[in-house]
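Visitor: I would like a close look at a single part of this model, the place where aromatic rings meet, and then at how its surroundings are put together. Please take it slowly and give the cut-offs as you go.

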Amino acid sequence: MGWLWAIIVGLVLGLIAKAILPGKQQIPLWLTVIFGMIGSVLGNAVATWIGVNDTKGIDWTRHVLQLIGAVVVVGVGDMIWASLRGTRQRT
């Protein structure tokens, strides 16, 4: 059941990250999910490092850190994906 939740959270965070980032991202949906999962793990690591990973009630700080991690990973991952595919848009 843990993997299912990881995939669902990765999908949600990846899609929100794509919506936050300006422009159109060129990564496919499966890569969005993976990047969202990586961003979630990164956000959890930062939350643990600063000591806010387990609080009473809803862990808003941890969730915000997960979203920030997903935005960073999706943004960087999209740039790498575009450069590898040779479809980088020039602005």
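Visitor: By the rule you use for ring pairs, how many aromatic pairs does the count come to?

Guide: The count comes to 1 aromatic pair, where rings of Phe, Tyr and Trp (its six-membered ring) pair if their centres lie within 6.5 Å, and planes under 30 degrees apart count as stacked, over 60 as edge-to-face and the rest as tilted. The partners are Trp30 and Trp81, whose ring centres are 6.2 Å apart and whose planes stand at 85°, so the pair is edge-to-face. Because Trp30 belongs to helix α2 (residues 29–50) and Trp81 to helix α3 (residues 60–85), the pair ties together parts that are 51 residues apart in sequence; helices (H or I, at least four residues) and strands (E, at least two) are DSSP runs, numbered from the N terminus.

The model is a predicted one, in which local features need pLDDT of at least 70 and side-chain atom pairs count only at pLDDT 80 or more, whereas totals for chains, interfaces and linings use all residues. Residues are numbered from 1 along each chain as its sequence is written, and side-chain values use heavy atoms, with hydrogens and water left out.

The two helices that carry the rings belong to a chain with 3 helices and 0 strands, its elements running α-α-α from the N terminus on. Along its principal axes the C-alpha trace spans about 45 × 30 × 20 Å. Of the 91 residues in the chain, 31% are buried, that is, under 20% relative accessible area, with exposed meaning over 50% and partly exposed in between (1.4 Å probe, protein chains only). If contact means heavy atoms within 4.5 Å, then among contacts between residues at least 6 apart in sequence, 63% join residues at least 24 apart.

Helix α2, the home of Trp30, has 22 residues and reaches 31 Å from its first C-alpha to its last, close to the 32 Å expected at 1.5 Å a residue; the expected span is 1.5 Å times one less than the number of residues. Its buried residues, including Leu31, Thr32, Val33 and Phe35, pack against α1 and α3. Thr32 can be followed further, since at 0% relative accessibility Thr32 counts as buried, and, leaving aside its neighbours within four places in sequence, it is in contact with Gly10, Gly14, Leu15, Lys18 and Ile27. After α2 comes Gly51, whose phi is positive, near 85°.

Helix α3, which holds Trp81, has 26 residues that should span 38 Å, and its end C-alpha atoms, 37 Å apart, agree with this. Among the residues buried in α3 are Gln66, Ala70, Val71 and Asp78, and the buried residues of this helix pack against α1 and α2. Gly86 follows α3 and also has a positive phi, near 75°.

The remaining helix, α1 (residues 2–20), offers contrasting positions. Leu13, placed in α1, is buried with a relative accessible area of 10%, and beyond its neighbours within four places in sequence it is in contact with Gly36, Ser40, Gln66, Leu67 and Ala70. The C-alpha atoms of Leu13 and His63 are separated by 9.6 Å, although the two are 50 residues apart along the chain. Ala19, in α1 too, counts as exposed at 65% relative accessibility, yet its C-alpha lies 9.3 Å from that of Val71, which is 52 residues away in sequence.

The whole structure holds 1 salt bridge, meaning a side-chain nitrogen of Lys or Arg within 4 Å of a carboxyl oxygen of Asp or Glu. This salt bridge joins Arg62 to Asp59, with the closest N and O atoms 3.2 Å apart, and Asp59 is buried, with a relative accessible area of 9%.

On the outside, a nonpolar surface patch of about 600 Å² is made by Leu4, Trp5, Ile8, Val9, Val12, Ile16 and Ile20. Patches are made of residues with over 30% relative accessible area and no salt bridge, like charges being joined within 9 Å and nonpolar side chains (Val, Leu, Ile, Met, Phe, Trp, Tyr) within 5 Å. Accessible areas come from the Shrake-Rupley method with a 1.4 Å probe, and for residues only the protein chains shown count as cover. Val12, one of the patch residues, is partly exposed at 43% relative accessible area. Over the chain the accessible surface comes to about 6,200 Å², of which 71% belongs to carbon and sulfur atoms.
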